[in-house]
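User: I would like to learn how to read a protein–DNA model step by step. Could you take me through the features in turn, giving the general idea before each case?

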There are 2 protein chains.
Amino acid sequence: MTKFNLENAEAQMRKGILEYCILLTISRGEIYASDILKELKEDNLIVVEGTIYPLLSRLKTDGLLEYRWQESTEGPPRKYYKLTEEGKNSLNHLKKAWESLDKSIKSLTKKTS
Amino acid sequence: MTKFNLENAEAQMRKGILEYCILLTISRGEIYASDILKELKEDNLIVVEGTIYPLLSRLKTDGLLEYRWQESTEGPPRKYYKLTEEGKNSLNHLKKAWESLDKSIKSLTKKTS
DNA sequence: ACCCAGTACCTTGCACTACAAGGTACTATA
DNA sequence: TATAGTACCTTGTAGTGCAAGGTACTGGGT
């Protein structure tokens, strides 16, 4: 017997939005994975390492991101990511998609209340 | 070589939100699957049959929804769904989750611009 | 010299979701 | 008795996030 899992449902809600959030964060300037995680946590977005590394790799392979290595005095070298032109374009599209979705939900909520 | 697929990315964005949208729609009163689809399309939310039927079944199994059969003069009988008390509770939680997410994105966007 | 904590990268296997494609069955109309 | 329209449902696949684990660099303590 399955039981409705609210935490899971909320996690599902965050899915898919993540890509948009990461592109948004990188658009502010060069940044590396661990710091992206910290930034997102500050805005109450829960993400973990196992999620972000494969995602960054995929976005790099897809041509939305590029990176350079930089030495660190506090540990291993870091990969600093930034958006490519294509990445900036895609971010703009995702922004429109988000706004459209936001509008749809607001419309639905309005009808309901 | 994979290529970034914007439509897919936008579809991913809608994932997880769907459950919330369906509960919202049903909370307005008894309704059956095909009409839920029409309502969501009116608000620019793309959903298809193969998505909604398993989802409704799951929400019923989880105790968030209940339904009754009703004959139709225009075709086969329909399943009219409505929220249970637990369903109303979960909807409230999902609403809060959505608002939190919305807030996070707005905060991120603000920093960026 | 050695170990350990902290940082930063990455991979593998699993669970979950949406979708495409197909199927069943009822009604009304020609 | 076909055909179109409605409404239900299932199966297989692709894509995503996560938990858990692994590698490797730095610096501080003993």
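**Reading the DNA strands and the two chains**

Analyst: Let us begin with DNA strand C, which is surrounded by 24 residues, the closest being A:Tyr32, A:Tyr53, A:Arg78, A:Lys79 and B:Thr51; a residue is near a strand if one of its heavy atoms lies within 4 Å of it. Of the atoms of DNA strand C that come within 4 Å of the protein, sugar and phosphate account for 73%. Please keep in mind that this is a predicted model, in which local features need pLDDT of at least 70 and side-chain atom pairs count only at pLDDT 80 or more, while totals for chains, interfaces and linings use all residues. Residues are numbered from 1 along each chain as its sequence is written, chains are lettered from A and ligands numbered from 1 in the order in which they are written, and side-chain values use heavy atoms, with hydrogens and water left out.

User: Which protein atoms lie 3.4 Å, 2.6 Å and 2.5 Å from phosphate oxygens of DNA strand C?

Analyst: A polar contact is a pair of N or O atoms within 3.5 Å; within protein, one must be able to donate a hydrogen and the other to accept it, and residues adjacent in sequence count only if both atoms are side-chain atoms. Here a backbone N or O atom of A:Ser34 is 3.4 Å from a phosphate oxygen of DNA strand C, an N or O atom in the side chain of A:Arg78 is 2.6 Å from a phosphate oxygen of that strand, and a polar side-chain atom of B:Thr51 is 2.5 Å from a phosphate oxygen of DNA strand C. The elements that give two or more residues to this surface are helix 1, helix 3, helix 4 and strand 3 (78-83) of chain A, together with helix 4 of chain B; helices (H or I, at least four residues) and strands (E, at least two) are DSSP runs, numbered from the N terminus. Helix 4 of chain A provides the largest share of the surface near DNA strand C, 4 residues.

User: How many residues surround DNA strand D, and which are the closest?

Analyst: DNA strand D has 26 residues around it, and the closest are A:Thr51, B:Tyr32, B:Tyr53, B:Arg78 and B:Lys79. Sugar and phosphate make up 71% of the atoms of DNA strand D that come within 4 Å of the protein. A polar side-chain atom of A:Thr51 is 2.4 Å from a phosphate oxygen of DNA strand D, and one of B:Tyr32 is 2.6 Å from a phosphate oxygen of DNA strand D, whereas the side chain of A:Lys15 has an N or O atom 3.4 Å from a base oxygen of this strand. Helix 4 of chain B gives the most to the surface near DNA strand D, with 4 residues.

User: What rotation superposes chain A on chain B?

Analyst: Copies are superposed by least squares on the C-alpha atoms of residues with pLDDT of at least 70 in both. A rotation of 180° with 0.0 Å of shift along its axis places chain A on chain B, with an RMSD of 0.0 Å, which means that the relation is that of a two-fold axis. The C-alpha of chain A nearest this axis is that of A:Lys15, 3.6 Å from it.

User: Why do the ends of helix 5 of chain B agree with its number of residues?

Analyst: The expected span of a helix is 1.5 Å times one less than its number of residues. The 28 residues of helix 5 of chain B (residues 85-112) should therefore span 40 Å, and its end C-alpha atoms are 41 Å apart, which agrees.

User: Is B:Thr109 buried or exposed?

Analyst: Buried means under 20% relative accessible area, exposed over 50%, and partly exposed in between (1.4 Å probe, protein chains only). B:Thr109, which lies in helix 5 of chain B, is buried, with a relative accessible area of 18%. A polar atom of the B:Thr109 side chain is 2.6 Å from the backbone oxygen of B:Ile105. Leaving aside neighbours within four places in sequence, B:Thr109 is in contact (heavy atoms within 4.5 Å) with A:Tyr20, A:Leu24 and A:Lys95.

User: What is notable about phi in A:Asn44?

Analyst: Most residues other than glycine have a negative phi. In A:Asn44, however, phi is near 65°, a positive value in a residue other than glycine. A:Asn44 is found in the loop between helix 3 and helix 4 of chain A and counts as exposed at 56% relative accessibility.
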